[in-house]
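Please look through the sequence and the model below, beginning with the charged side chains, then turning to the overall build, and ending with one helix.

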Amino acid sequence: MTKNEIELAPNAALLVIDVQKGFDDASYWGPCNNPEAEANIAALMDAWRETGRPVVLVRHASLTAGSVLAAGHPGHAFKDFVADRAGQESLLITKTVNSSFYGTPDLADWLTAQGIGQLVVTGIQTNMCVETTARMAGNLGYEVLVPLDATHTFDLTAGPAGPSLTADQLATATAVNLQGGGFARVVTTAQLLGA
């Protein structure tokens, strides 16, 4: 196998993290850095369904008052392209923090019960819940693949006087953190679809 080739396990799990309508609120989040992410996530969901591999949908239920991602808010719902493909997922997790491993039901318990050792992590936001989940998965010993083009994020400022990074800078930092830190292999959607 060459450096660019990917070998997907027959039971590799696709995690689709926080692809919720609340992230469409540009007045709150600003523009996303990768509008192609949704088409790439949809293509991966379709490929996983066609091959019978497990799909895990993760939804954030914010505990922050007035959040567009709070349970009961219209923004809590999955985006239409995910909702249209829902119903055949293997697992639905609800979480209130950045890591999908701290949700209900327990992701690690389910992966162990299914004998799954390889995860493909996609969704929103690249540098938040996607990166946190991928880092934790790597620490737990899973083989983790992150198609960066199947994620997106937004510009971020660390408080009124703090530093700022653009969404593209954050995505690059995530790629460096994950691959350079040995947590995950950063790949493309095309590589996964060709595997």
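In this predicted model, the protein carries 10 positive and 19 negative side chains, and the centres of these two sets lie 2 Å apart. The accessible surface on which a solvent probe can roll comes to about 9,000 Å² for the protein, and 53% of that area belongs to carbon and sulfur atoms.

Turning to the fold as a whole, the chain is arranged into 7 helices and 10 strands. The radius of gyration is 16 Å, close to the 16 Å that the globule rule gives for 195 residues, so the protein is as compact as a globular protein of that length. Taken along the principal axes, the box filled by the C-alpha atoms is roughly 50 × 35 × 30 Å. Of the 195 residues, 47% count as buried, which here refers to a relative accessible area under 20%. When contacts between residues at least 6 apart in sequence are considered, 75% of them join residues that are at least 24 apart.

Among the helices, H5 can be followed in detail: it spans residues 126–139, has 14 residues, and reaches 18 Å from its first C-alpha to its last, which is close to the 20 Å expected at 1.5 Å a residue. Which residues of H5 are buried? They are Thr126, Asn127, Cys129 and Val130, together with Glu131, Thr133, Ala134 and Ala137, so that a charged type, as Glu is counted negative, appears in this list. After H5 comes Gly141, whose phi is positive, near 100°.

Note on methods: Residues numbered from 1 in each chain as written. Predicted model: local features only at pLDDT ≥ 70, side-chain atom pairs only at ≥ 80, totals over all residues. Heavy atoms only, no water. Helix = DSSP H or I, 4+ residues; strand = E, 2+ residues; numbered from the N terminus. Expected span 1.5 Å × (residues − 1). Buried < 20%, exposed > 50% of the residue type's maximum accessible area, 1.4 Å probe, protein only. Rg over C-alpha atoms; globule rule 2.2 N^0.38 Å. Contact = heavy atoms within 4.5 Å. Areas by Shrake-Rupley, 256 points an atom, 1.4 Å probe, with all protein chains shown as cover. Charge placed at Lys NZ, Arg CZ, Asp CG, Glu CD.
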